[in-house]
Amino acid sequence: MLSAEDNELLTRIGPDARMGKLLRRYWHPIAGISDLETSWTRRVRLLGEDLVLFKDRSGRLGLIAEYCPHRRASLAYGIPTEDGIRCPYHGWEMDARGLCLDQPNETNHGALRGKPVTTGYPVQVLGGMVWAYLGKQKTPPRFPDYEFNNVPDSHVRPMRGLLKCNWLQGLEALLDSAHVGYLHNANVQNFAKTMIGSEETTNILLTNGAPNFEFIEKPYGFREGALRPGKTGNTYARIREVALPYFSFIPGRYSGMGTACCSIPIDDENTAQWYIAFNVDNPIDMERFRVFGMADINLDYFNEGMGGWHNMWQQDRKAMKDGYWSGFVGKGNPHEDFAVQESMGPIVDRSKEHLGQADLVIVRARRMLIDAVRRYEKTGETSFAGPEVEFPRIRALAITYPSSEDWKQFDAFNPPRALSAAE
Ligand code: FES
Ligand SMILES: [Fe+2]
């Protein structure tokens, strides 16, 4: 459990909230690059702020406050210009820095020309996504150049789901290996060959719902080993990388392929949950996604139409009678996660929980996030993104190895030759 005060600290992310101030020291993914191919503007809500992402006629991207500084029309309906965007109402023109370029409805084109009239934030495009920095500091923080940010666009596929609850609920499901054999039981059985590997490892996952967790503390968060005994004398380890404040790297079928997940606060009660599938060696194989219904999806909102309390997130009671654990027949793991997270309410009351051994990873992440807020308040230093962090070296790994070995010694970029990466 968590005190009500700490729960408040962790979950509130507006501009004046303690966690909100810390999160404004990071770069956040805000949109897929394909979103601006068909429209020159896109509404973005991030950390409780309403913004508009636009592409000017020179092809440059800008991110500014959504509402026009004149009389507050939405610039999502704006008209792109050579250097910025023009409000359709009275024609004011602003650029990506938030400067006024023109007031055509005023004598001599206005007195505000060249002056700051609205908020503009820096953006970058990497990993098939647009990223934004919402901090007030002039120097943006380090950009997290994770592996998936350094591969060709064809090797990475970002998919965004929208979740009607707080970001920490989203994150906690991404960190929680302990639920896989339960909530995702049917999917593990049906899709394991595609997603996880061999029959042996699938069976281990299905039959052992209580792995032993071990951790290695890292400057970006921690590595989490979920260890399960395999065939005689072997251990099957799923080694996840947790890069705080909100990334979780899930191992794929071999080292170099995987999914990076993150939980980005839209506001206190809404979250963008990203699943960024990537393969460092080859283009993304779409057939993998077809198997579990994630091939022909709306990449910007893949869970559109998933439902909610009014239809119990489409839970099929008959299938449950026939032994289907979650009842979310034919849906992917995210659907199952989202239903559980939303069912807790917009911001779960963590003071009423009963935590156990299986929740160690959750407890650890909460503690590190609280410490990071306090450290930032005291020293101004940003945790998890210091110069010592090697973002491109963060890689998850699933591996079967002789139990006499120590998984903590394994390098995911060069798994020990004598041992086999789980197939
Ligand atoms: S409201 Fe935008 S120019 Fe008047
Ligand atoms: Fe899950």
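A residue is counted as exposed if 12 or fewer other C-beta atoms lie within 10 Å of its own, and as buried if there are 20 or more. In this predicted model, G305 has 8 other C-beta atoms within 10 Å and is therefore exposed. G305 belongs to the loop between α7 (286–291) and α8 (317–321). Its C-alpha atom is separated by 26 Å from that of G181, a residue 124 positions away along the chain.

The domain assignment divides the chain into domain 1, residues 39–133, and domain 2, residues 147–421. The C-alpha centres of the two domains are 36 Å apart. Their contact draws 8 residues from domain 1 and 11 residues from domain 2. On the side of domain 1 that touches domain 2, 4 residues are nonpolar, 3 are polar and 1 is charged.

An open sheet of 4 strands was found with the order β2-β3-β4-β9 and antiparallel pairing. Strands β2 (41–46) and β9 (120–121) form its edges, each pairing on one side only. Between β2 and β3 lies a loop that contains L47. The phi of L47 is positive, near 50 degrees, although the residue is not a glycine. Because 23 other C-beta atoms lie within 10 Å of L47, this residue is classed as buried.

Strand β3 (residues 49–55) runs antiparallel to β4 and is joined to it by 5 bridges. Within this pairing, L53 is placed opposite L63 of β4. The two strands, β3 and β4, make a hairpin with 5 residues between them, and G59 in the turn has a positive phi of about 90 degrees. Strand β4 (residues 61–65) is also connected to β9, in the antiparallel sense, by 2 bridges. On the β9 side, L63 stands opposite Y121, and I64 stands opposite G120. L63 thus has a partner in β3, namely L53, and another in β9, namely Y121.

A further antiparallel pairing links β12 and strand β18 (residues 270–279) over 8 bridges. In this pair, P158 has I276 of β18 as its bridge partner. Strand β12 (residues 156–163) is mostly covered, with 7 of its 8 residues buried.

Helix α3 (residues 167–175) is largely enclosed by the rest of the structure, because 9 of its 9 residues are buried. The buried set comprises W167, L168, Q169, G170, L171, E172, A173, L174 and L175.

Helix α10 (residues 360–379) contains 20 residues and spans 28 Å from its first C-alpha to its last, close to the 28 Å expected at 1.5 Å a residue. Its buried residues are V361, I362, A365, R366, L369, A372 and V373. Viewed down the helix axis, these buried residues fall within an arc of 140 degrees and therefore line one face of α10. The face turned away from this buried side carries the exposed residues R367, D371, K378 and T379. The buried residues of α10 pack against both helices and strands: the helices are α1 (4–11), α2 (18–23) and α3, and the strands are β13 (212–218), β14 (221–229) and β15 (234–243). Helix α3, with 9 of 9 residues buried, is thus one of the elements against which the buried residues of α10 pack.

After α10 comes G380, with a positive phi near 80 degrees. In the loop between α10 and β19 (397–402) lies F384. F384 is a residue other than glycine with a positive phi, near 70 degrees. With 23 C-beta neighbours inside 10 Å, F384 is counted as buried.

Most residues other than glycine have a negative phi, and most peptide bonds are trans. Against this background, L47 has a positive phi near 50 degrees, and F384 a positive phi near 70 degrees. A cis peptide bond occurs between L244 and P245, with omega at about 15 degrees. P245 is located in the loop between β15 and β16 (247–251). Strand β15, which precedes this loop, is among the elements that pack against the buried residues of α10.

How values were computed
Residues numbered from 1 in each chain as written. Chains lettered and ligands numbered in written order. Predicted model: local features only at pLDDT ≥ 70, side-chain atom pairs only at ≥ 80, totals over all residues. Pairing = 2+ DSSP bridges. Domains from an automatic or database assignment. Contact = placed C-beta atoms within 7 Å. Nonpolar A, V, L, I, M, F, W, Y, C, P; charged D, E, K, R; others polar. Expected span 1.5 Å × (residues − 1). Arc of directions from axis to C-beta.
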